[in-house]
Structures are given as C-alpha cells and as structure tokens.
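Reader: I'd like to learn how to read surface and charge features off a model. Can you walk me through it?

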Amino acid sequence: MSSNDRTSTRIHEVFLSFRGEDTRASFTSHLYASLQNAGITVFIDDDSLERGDQISTSITRAIEQSQIAVIVFSKNYGDSRWCLDELVRITKCRSTIGQVVLPVFYGVDPSEVRHQTGEFGKAFLSLLSRLSNNERSCNLYAKKTNLKFDFSNLVLEQRWIGALQDAAGLAGFVVQNSRNEQEAVKDIVKKVTGLLNKTDLFIANNPVGVRLRVRDMIQLLDIQQSNDVILLGMWGMGGIGKTTIAKAIYNQIGRSFNYRSFLANIREICEQNVGQVSLQQQLLFDTCKETKTKIQNIEAGKIILKDRLQNKRVLVVLDDVSTLDQLHALCGSRQWFGSGSKIIITTRDMQILKGDRVDQIYRMKEMDKSESVELFSWNAFKQAKPRKELAEFSLEVVEYSGGLPLALEVLGSYLFDRGIPEWKSVLDKLKLIPNDQVQKKLRISYDGLKEDTEKEIFLDIACFFIGMARNNVVHILNGCELYAEIGINILVERSLVTVDGKNKLGMHDLLRDMGREIIREKSPKDPEERSRLWFSKDVLNVLLEETGTKVIEGLTLKWSKTNVKCFSTKTFKEMKKLRLLQLTGVQPTDGDFEYLSKKLRWFSWNGFPLKYLPTSFYQENLVSIELEYSNIKFLWKESQRLDNLKILNLSHSYYLVQTPDFLNLPKLEQLILVDCPRLSQVSQSIGHLNEIVLINFQDCTSLRSLPRSIYKLKSLKTLILSGCSMIDKLEEDIEQMKSLTTLIANNTAIKRVPFSVVRSKSIGYISLCGYEGFARDVFPSIIRSWMSPTDNLSSQFKKSSIMSCLVPFNVAHSRSHELSSIFKYLPSLRSLWVECSSELQLSQDAAIILKALYALNYKDLKPTETTSKVSRNSLKSIFIQMGMNCQVANILKEKIEQNMLVNGRGRFLFPSNSYPNWLSFNCDGSSVIFEVPQVKGHNLKSLMCIVYSSSLF
C-alpha cells in the first residue's frame, strides 16, 4: 500500500458542518449526542482538533477522511465564510471520491438555500457586502490557508453559490419550527446508521495503486450528473485487477445508492444451464429484496427486471461478462434503470463494450515499475521495499511479471522467506516460460508445492469446491486422507486459494484455469483418462457411453433439470477410484448402485430421484451426503451405520417424513433439513449425536415439536428453527446445551422466550419472538417484556372442566361477592390469582380468602384419637398470587406449581430454612406478619405465597 493510500484512510464516519451561533447549543448538540450514542464516530470542530493544528488544514483533512457529511443549514449559515468554505470542500469530495452528503434544513426552506432568498439570502448578502468592503482580508485569508485558487469576490461568490445549489438539490431533512426536533434527530440517525451498515466487499490485503485507479473511474462515472444513467465498461486481460477496482468503486460510492448489486463471476456462473436465470434472480433480490417472485426463464427475467428497476436509482456491477447474451439478460438497455443509475461492466472481451453499449470505457493498465515493486515487496518481504540483498533479483521478477498484479502476488508469496539460491533457481525457471503464457507463470507456484497432497487439494478445489464452505471441504478432503487443514492453509499462504469473510473458498480465474489445464493436458483427447471431469460435454460423453476408467477420481455434472439426462449406473463400474461425485439434472435408468466406488467420500446429487438410498450402495466411507431437492422419503429402507459421515443435507426434500436413526451416525456434525414440508418426526436418537455442531430445520412446516433428547446435545453450536410454524414451545432444558451460541427461530408458534435462554452462558446471538441480535443487546429487552403487565384473563373465574387438586383459579379485578363463593372450590384448587386495583380491595380480598382458608382448615382438623403426629401425606397446599399479573410472575408461578406437583411442598424456594435477609417476620396464631422490602424506583407488582394445611392421624 502506498503512503498516499495509507494516509487517506477514512477515520471519521460523519463530519458535521453547522453555524455555531444558530444551532450549537440546541439542534446540533442533540444530533451530535444521538449519533455518538448510536456508536457513530463524528467529527465536530469543538473538540476533535489536536492542539497546535491550523484549523483550516485540520478541517479540510477531517472532511476528506469522513464517509458522510451532514450539513445543518440554518438562517445564518450563509453569513459564515468558514461554513461556506467547508461546504465547497464537501461538495468537491462528493464529486471526486463519492462522499455521501445529507443536508438538514433547520428553520429554512431548501429553496431559500438553493436561490439564496429569505432570511438565509439576507445573511449571505451580508457576507458578500463585508467582503467587498475589505478586499485585503480576503487575500490575507487566502495566504493563511494556502488555498491555491483565485479569491476575488466574484470567484468566491460563484463557488459558494454553486455549492449551495448542489447541496440544496440533494434529498435531505427539513426541520421547521413546527416539527418535533427529537423525531427529526431520530430520522437522521436512522438514515446515517443505515448508510454505514452496508457491508463492504473485500478488496485486497495490499491494495497498491487502487486509490488512483478508483479516482480516475469515478470521474468517468460523472457522479455529479445524478439524473443520467451512466454505463461504464472496464476492459483488460485476466488478472490485471478489474474485479479489485470494481469492488473498490462499489464500496466507495455504494452508500449513496439505496439499491445496489455486485454480480461476480458471471462468465463462470453462465456456463451452467440456468446460470443467467440465477443471476437475474440475484439482481432482483439485491435491488428489490424480492424472494417470492420466481423467474422462470431468461426472457421473463428481462421483463421483470425492467419493470422493477426502471424507477429505481441503482448501482450495479456486472463482473466478468464474456458474451453479449449475458449482458442482454442483465442489462438490456439504459431504459431498464431509473435516473441517476450507474452500471459498471468488467470484461476481457472488448467486443462486449463496442457499438455504443457503454458511455465510457476504462482500459485497465498494467502497474508501473514503482507500483509493481511495492506490491511484490509486500508479498515477498511483508514490507513496502525489497531487502537490499535481494533488490536486484526483485527487479528481475518485477520485469518478468509485466505489471500483472496477480503474477506479482503469486510469485511474491512463492518467494517469501526463501534464500538466494532458491531465488536464482526460480528466476532461471521463469526465463524458460514465454511472457504471454500467464497460466504457465502461475504454475510455478503449483510446481513449488512440496507435498503431493497439497497439489491434489489444489486440483480438487479448482474443479469442484470453489464457493463451498471451507469447513465442509476440509471434512471431505480429510476423508480422502489429504490432510486438508494444513494443506489449505499452505495454499492460502501461497496465494493459490482465498477464503472470504463467510469462510468460503475462492480462487482467481487464471489459477482455476491453470489447475484444470494441468489435468486436461495429460489426456487432451480422451476425457475418460483424466483424473477429474468438470466440463459438461466431457462428463456426458463418459456417462452416456459408459467409458469410465479407474483413472477418474472426481466428477461433476450440473445439468438443467428441465432437460434431464438418463444413464445406467453401470457407467461407474470401472471408476474404482472415484472419490467425489456431484450430479444435477440426471437420472439413472436402473436402481442398482452396487457399481459406485467404495472409495466415494462426497455424494452430492441434486434432484436424487429415488425414495431411499439403495441397500446395494456401499456408503460406509461417505463423509458428506447432499441430496437437495430429492424424492427421498426415508434415507434408508434398512438402517446403515456410517461411522465417517460428517454432513447430512436433505434440504428441499418434499417427501421426507422422518429422520434416520442417528445411533448409526456417531460422527455427524451437520444436520441440514431445510424446507422439508412433510417432515413430522425427528428421531429421539438425535440426543446421541455427541459431535453435532449445526442443526437446521428451517421451514419444516409439519414439524410440531422437538424430541426432548435434543436438549442433551452438549456440542451443538447453532440451532435454526425459523419457519417451523407448528413448533410452539422450547423447553426450559435448552440451558443444558452448553455450547449453543446461535439460536434462530423466527416465524414459529413460539410466543415466549424460555426463561432458561436468558440464563444461558453460551448463547451469543438470538432471533426469536421478535427479538434479534447479540445476546448482550437482546436479553435486557426480553427481561423487560416479562415485567410488562398482561391482560389476557377475563374478569370472571376461570375453571377447568375437570375439577381436581390441580385446578387453578384466576380472578382479575375481583369483586368481594365473587370471592365469597370461593369456599366450595378451595378443596380442589392448586393456585389462586387475584388482581387488586387498590389497597382497600387488597385488604378486603385478603380477609375473605383467609376466612375461607381458616374455615376449610377447621373443617379438616376434626379431633381424632391420635393427635401427636402430622402425616406428610396429609399436607395440602395452595399457591396464592395477589397483585398485577406479568410474564415473569407467570414464569415463577409455573415453576412453583411444577415443584408442588413433584414434592407437594415447594421447599425448593428456601431450602434448609435459608430465608433471604430481608424476610424477618413474626407469627401471631395462624398469621404471619412481615414488612415488604422497599426498592428505590420500583413498586411491588405481585405478592405470592403458599399456604399449607394438614390433617392429623
């Protein structure tokens, strides 16, 4: 990274520009405090300057280093030269680096600012008048601030007016005297927070030269002309950095667009039969967040996209477009998009951009010598310059690389921490490869891998695993005895493989093509003699002609489901070494799977046509079974024991009715059953999955409950139940899940967050019952909701139709004549709740209840011959609650009642007579007198007690 790139890092999220005498002590101070409370870094000239700085220089730097500028226009804003100079700098940053500008019109109308009229205009004219009377002060100001432009009154006036017109023409917030300022502040903070929360794309570890190229491209986009739809093409050879620059532009200007989409790897995705439709679907989701609209074909997608986007101002990046069909499917014309939209297209083919298809073409240039040395040095030496003893060798590598960023990164990483003899050997080898053969250049890093297992991992990723979760690939390749954990780490270190923020594997196109060419060149004419097959035409020929051989280790075919290809499973008979199998859109002509290799580790068949896996299929070595959109009803007709299975994914299997017996899957770590609408039963044996880390039952709409044994899982980290609309309860046992960190259960019938969830020490993220976020942020809101009063009971007695000692009575807003009839029900009550609206009513109701209890007790205690012992079995109890009903009280009541059911006495509250220190009481006959504790700021909401009576024998 160059020094300019490093010092230009944006360190402030918001810059506040305002007229101090108008709003410093009122609106601006409130806005500043609210932004800070929202965790937003704000620059304000009161307290953000370092001592000794020249104010103008510090302000200029602060503006340039801020992501968003908030301008508070007030009636005297135009009377301040300081404010207007700030405004000019802000509008310049908006046009040159894509800074987001939010104007706030406080007590003034936007038209007054735009045309300098009204009170605002008077203040502006006052400033101009002062300047005309003191031309010398203007020159002095120019000298002090070292600004290199003409400070004549006319020039200043024109620049200020232009900046006022630009800023006043932007969408912002109007805060008139009649409006609630507090609501305005909330709206502004919400807008700023939303802009800052948009996730940036990863650019590069060492973005050398990126800043200058981004600046040049932003000028071509002409951000100031906000009403024009601009199409910009980026053309250059593979590996020259088109995608990197496109991502950087997307990050820099993306926040000024409410709707945006970055479609990556278009060429690769479109090689699949449904690739263009999936890209149309992704564009629709990114810009409109539509999930219900399903695009059936390319032509229908064009109509839908045009209809949805023609009134939206969007930023769209189409990365690596290789054919006109791809461009037409995603960007038919500029009429598809709303005013102010910007479309960026990257391609290797200039033909895509010709014929007035774009407004501007940016031709990617190779890095110059200085940039090349710096980028190479960061990868080879982890510093900006080469080490002295290797400086000459470094210049040779830089010259050889021809300014191609990818070659500089790969070769630099390969030479990292090597000695002079190794450098000489590498340079000698490089001289044997022609400069125009980029793939052969890149193969140097592949040939430099020491272990055969590292090479095998690289080739497997290049052919099958790009875009897959790293952990899943590690499991599969470990099953192939390739030691994938260390192997992938080495590949990442050598810049041969990448791992993104979502832990998915990636690889540059040139490296991928290089890996595939290594395989292809061993048998250019006979695909069946290659170790891996990925090209659809080659795979189909092998499957349909049954020409498979023992050389084949991996095979993938992603065919259209609308044009299913059929083949006999006998085609696998000679593929004795087949480890990896991925199929989509194919169907066997027979159900005999005995010919599948016993070395198979990855079995992925999208749209698997059978109702269960055949018993003839040898599965003992499988690590991953992925049968999405299958016809599976039961996984096996007869149970199979798979000691090596780590991943089981049966998502979108609409006929699946029950899970397998998990006793036979002792090593399972991931159970993914998304959108299995007929799944109604989960085996109790799920509690024996001692290594499980992920369970996903999302959208299993027939699933009514979870087996109690699931709460015994100590290793489970993520549980997803969203969309399980019939699940209405999570057991309190959930706190037994000691490793559970993520709980997601939206759109279920669950109405209450279990009390034990809040007690959990492991849960870090929760999405349940309308609460979503990190536990530390969400749990306080959940607890407060429990304390909110509930009014879900009628004003009359509620009694079960079956009277027993387990029947509760509830009296809301009681009346004395209602309670007077309670005597005849007391023998069958377990609990009684009375809601009282006043102290007088509380006193009256308590007297009635005590009288009824005394009468009942007197009736039960008839004299007997033996009176010296009390039978434990003769103890009776009733739980009484008086006061306001709330959820936390209900939870506590349920706990008490459950305990009363178990042991009949409820002594779990204060075992061994260990009463709380505030409970000091006196006994007077059958009465207990104590003082209710006082807690500052809180009132007593509910009083609970358990009353015991006994009969003697």
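Author: Sure, let's begin with exposure: buried means under 20% relative accessible area, exposed over 50%, and partly exposed in between (1.4 Å probe, protein chains only). The areas come from the Shrake-Rupley method with a 1.4 Å probe, and for residues only the protein chains shown count as cover. Take Tyr655: its relative accessibility is 40%, so it counts as partly exposed.

Reader: Anything I should know about the model itself?

Author: It's a predicted model, so local features need pLDDT of at least 70 and side-chain atom pairs count only at pLDDT 80 or more, while totals for chains, interfaces and linings use all residues. Residues are numbered from 1 along each chain as its sequence is written, and side-chain values use heavy atoms, with hydrogens and water left out.

Reader: Back to Tyr655, then. Which residues make the nonpolar surface patch?

Author: Patches first: they are made of residues with over 30% relative accessible area and no salt bridge, where like charges are joined within 9 Å and nonpolar side chains (Val, Leu, Ile, Met, Phe, Trp, Tyr) within 5 Å. Here, Tyr629, Tyr654 and Tyr655 make a nonpolar patch of about 290 Å². Tyr655 sits in the loop between strand 20 (647-649) and strand 21 (670-672). Helices (H or I, at least four residues) and strands (E, at least two) are DSSP runs, numbered from the N terminus.

Reader: And which residues gather in the patch of positive charge?

Author: For charges, Lys and Arg count as positive and Asp and Glu as negative; His and the chain ends are not counted. The place of a charge is NZ of Lys, CZ of Arg, CG of Asp or CD of Glu. The positive patch gathers Lys570, Lys573, Lys576 and Lys598 on the surface. Lys598 belongs to the loop between strand 17 (586-588) and strand 18 (602-606), and it is exposed, at 55% relative accessible area.

Reader: What about the negative surface patch, which residues form it?

Author: Glu392, Glu396, Glu399 and Asp428 do. Helix 18 (residues 391-401) supplies the largest share, three residues. Glu399 is in that helix and is exposed, with a relative accessible area of 68%.

Reader: How do I read the two sides of a helix like that?

Author: The general idea: an α-helix has 3.6 residues a turn, so residues three or four places apart point the same way. In helix 18, the buried residues are Phe393, Ser394, Val397, Val398, Tyr400 and Ser401. They cover an arc of only 165 degrees around the axis (taken from the directions from the helix axis to the C-beta atoms), which puts them on the same side of helix 18. On the face turned away from that buried side you'll find the exposed residues Glu392 and Glu399. Right after helix 18 comes Gly402, with a positive phi near 65 degrees.

Reader: Gly402 is a glycine. Where does Gln116, which is not a glycine, sit with its positive phi?

Author: Gln116 has a phi of about 55 degrees and lies in the loop between helix 6 (110-115) and helix 7 (118-133). At 16% relative accessible area, Gln116 is buried. Asn265 also has a positive phi, near 55 degrees; it is found in the loop between strand 7 (259-263) and helix 13 (266-270). Asn265 is partly exposed, at 34% relative accessible area.

Reader: Now salt bridges. How many does the structure hold?

Author: The criterion is a side-chain nitrogen of Lys or Arg within 4 Å of a carboxyl oxygen of Asp or Glu. The structure holds 30 of them. One is Arg19 with Asp79, whose closest N and O atoms are 3.7 Å apart. Arg19 lies in the loop between strand 1 (12-18) and helix 2 (20-23) and Asp79 in the loop between strand 3 (66-73) and helix 5 (81-97), so the pair ties together parts 60 residues apart in sequence. Both Arg19 and Asp79 are buried.

Reader: What is the N to O distance in the salt bridge between Asp79 and Arg130?

Author: That one comes out at 2.8 Å. The pair links distant parts of the chain, 51 residues apart, with Arg130 in helix 7. Asp79 counts as buried because its relative accessibility is 15%, whereas Arg130 is partly exposed at 40%.
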